[in-house]
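Reader: I have a two-chain model open on my screen and would like to talk it through. Could you walk me through it, one question at a time?

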Amino acid sequence: MLLLDKSGAKADVWTRSEGAAIDNISHALVAWEALPEALQQKSRDQRLGVIVPNNVSIAELKLVLRQLSLVAVSFPSFSDGRGFSLAKLIRNHGFTGTLRASGPLIADQFAYAISCGFDEIELPDASAGRQPVEQWLKAVAQISHGYQRGYGDNRNILDQRRAARAAGGAV
Amino acid sequence: MYRYDEFDERFVRERVAQFRDQVARRLDGSLTEDEFKPLRLKNGVYLQLHAYMLRIAVPYGTLNSRQLRQLALIGEKYDRGYGHFTTRTNLQYNWPKLRDIPDILDLLADVEMHCIQTSGNCIRNVTADHFAGVAQDEIEDPRPTAELIRQWSSLHPEFSYLPRKFKIAVTGAEHDRAVIKAHDIGLRLRRHPDTHEICFEVSVGGGLGRTPMIGKVVRDYLPKADLLAYLEAVMRVYNLEGRRDNKYKARVKILVHEIGVEEFTRRVEEEFARLDGPSVNADPAEVARIAAYFAPPSYEVLPETSRVLEATKAANPAFARWVETNTTPHKAPGYTALTISLKPIGEAPGDATSEQMRLVADLAEQYSHDELRVTHAQNLVLPHLRQRDLFTIWQKLGEAGLASANIGLITDIIACPGLDYCALATARSIPIAQAIQRRFADDERQRLIGELNIKISGCINACGHHHIGHIGILGLEKRGIESYQITLGGEATENATIGEILGPGLAAEDVPDAIGRIVDVYLAERQGNESFIESVRRLGLAPFKAAFQEVANAVA
């Protein structure tokens, strides 16, 4: 597994638990099915994360978001884009913890993932072996600005045009 | 028309550089073929039967002369001297080499063009009424909306890996010339009866292909300012809920059909209500900035009807027929919108040579305020002509084989490339179109028959829109032999209708005869000035089926 964010490869502080057995793991990552039980066992200073399938019900997930420090959204394949919309929904429901995309994404999706609210990507070895970190860092910067408002910062083209108009610029 | 600003320019240049890098990563093995495929498709590069095919976006079908000349140049330098205009108002080159494609993309970027999202499971090239800005029945020009959607949908972070392709069309007129009801989303600009505010009627879930469906209205009056937030809500529901287990059930039409339009609408409205509109929508100043590019050109003050035109028509019956068939009334007095037929008898529908493109570019520059359009019916339009210039234009077009007087007639056939080019095709389309054209080549007979749309697809994917042809022809393959299924009664207008199958499939050589029988029934049965489709509506399918059956029996 390779874990990376916009700055490059990073160490994974999270440990996958066996079922709901989070014992005294400081950062425990549990499967969606095991979450209710893990939440009951969670101690005050323990951090809990969950791995959710990309068809998880947002109505159910939103009820537990405040108790979670990390949500890992599974991408069964790079071409299944549900995870992008799910990330957006999770952020729109106010989640401020770490959002992780987990699966065989490709470097060309890195910028999209970040724009939709993901912080980091967890890649299986087979993908990471072919697509080293440098390719991801290059790919993420290939398109300077997108057109969509509400996806990340206000560096999108529409907001830049608006700022230029406000400043009396000639855009 | 719209011009790129510094942001648009950089965006397109960066996309070209990105594609070069993607090709390099495929070649060095970083990307597998499976990973590379959607990346090349989203840049318009297909692998076809004989070669790569490159599909160039012509956003809402609008071009200027410089762009068309560049397309002519690309056709000569990198292809075989011609291009093919498609039903999505794009242009396809059938013979480029993969290694040349980044250079072609650079040439396109030089004239503010690109191939972004002309294929793949993403939001495709946005289409609009080809008489936008000039039609007499127009409430508002749809092109500023289409341009806003072009920008918004380009490399969308959330909606670039959809279950399936997604097509949006916009019209601002009463008469629908953009086939919006056969689109995943169809937008119609209309006035609210009480507030008189211009709004969108939003239809979702239209589409052709294996399971043809007419779009259903999900919002009667969407305020214009809310467009992008509403589109975001529709796309999010589709991206999350659309089927991904079967590519033939993955279009939004299937989702709408399976959960019902009420439930689909409820989910969209719920998501829309939760969105923070002001942080998503384009602000009014941005909408106005785009709209300003589409302000009407400065027309001369002219009498309603040109005396020069009337005189030349009187002296030249062939010219008069062409004017009558190929021109459309214009908003501005003394002007007209001319449709140039790319359907001369016996040629591949929608093909244009580089020489022809240059001539049309010259005419657009000299006579049409430097503007032209591509229609979904695979023809070209010069939208701003003085009526008095028509005779000169007709003569010049005639020299280039572009003066066919058949717009809307039986030989103005829509056809996909079919088995002559396409890797998906199950049967030929172009030769069928040519055979029908030859059978009905006689000008007088065509005019006697009047408006009749024949649409031909070479496979179930229905790129040739056969479902919504007055007469539709679908080419299939049965036990190694091409078989053509005929449908009747389809319509592509605001009364969009899916045609019904007339009977068993026919061999290729029997298709023109079957069309002949169907037309004979119409000519025998029509009342007054009734058009073909009006007769079909009044008579029902039975008399046509009976005539068709005779052909089917004769060949059985």
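**Where the helices meet**

Author: Happy to! This is a predicted model, and a good place to start is a pair of helices: A:R82, A:S85, A:L86 and A:K88 in α3(A) meet B:R236, B:N239 and B:L240 in α6(B).

Reader: How many residues of the contact of α3(A) with α6(B) are charged?

Author: The residues there fall into three classes, with 2 nonpolar and 2 polar among them. A:R82, A:K88 and B:R236 take part in this contact. The charged count is 3.

Reader: Is α3(A) parallel or oblique to α6(B)?

Author: The axes of α3(A) and α6(B), the latter spanning residues 227-241 of chain B, come within 8 Å and cross at roughly 125 degrees. An angle from 65 to 115 degrees would count as roughly perpendicular and one over 145 as roughly antiparallel, the rest being oblique. The crossing angle therefore makes α3(A) oblique to α6(B).

Reader: And is that crossing left-handed or right-handed?

Author: Here we look at the way α3(A) passes α6(B). The crossing is left-handed.

Reader: Stepping back to the whole contact, which helices of chain A each supply at least two residues to the side that touches chain B?

Author: The whole contact draws 35 residues from chain A and 38 residues from chain B. On the chain A side, the residues divide into 12 nonpolar, 14 polar and 9 charged. The helices that each give at least two residues to that side are α3 (82-92), α4 (110-115) and α7 (157-166).

Reader: How far apart do the C-alpha centres of the domains of chain A lie?

Author: The domain assignment of chain A gives domain 1 (2-140) and domain 2 (144-171). Between the C-alpha centres of domain 1 and domain 2 of chain A, the distance is 30 Å.

Reader: Turning to chain B, how many residues of domain 4 are in contact with domain 1?

Author: Chain B is divided into domain 1 (6-110), domain 2 (137-292), domain 3 (307-399) and domain 4 (414-555). The C-alpha centres of domain 1 and domain 4 of chain B lie 33 Å apart. Domain 1 of chain B brings 6 residues to their contact, with 2 nonpolar, 4 polar and no charged residues on its side. From domain 4 of chain B, the number is 8.

Reader: Last one: what is the mean pLDDT of chain B?

Author: For the model, the scores are ipTM 0.97 and pTM 0.96. In chain B, 100% of the residues reach a pLDDT of 70 or more. The mean pLDDT of chain B is 96.

Definitions and conventions. Residues numbered from 1 in each chain as written. Chains lettered and ligands numbered in written order. Predicted model: local features only at pLDDT ≥ 70, side-chain atom pairs only at ≥ 80, totals over all residues. pLDDT = per-residue confidence, 0-100. Contact = placed C-beta atoms within 7 Å. Helix = DSSP H or I, 4+ residues; strand = E, 2+ residues; numbered from the N terminus. Nonpolar A, V, L, I, M, F, W, Y, C, P; charged D, E, K, R; others polar. Axes fitted to C-alpha atoms, helices over the stretch in contact; angles between N-to-C directions. Parallel < 35°, antiparallel > 145°, perpendicular 65-115°, else oblique. Left-handed = near helix turned anticlockwise from the far one by under 90°. Domains from an automatic or database assignment.
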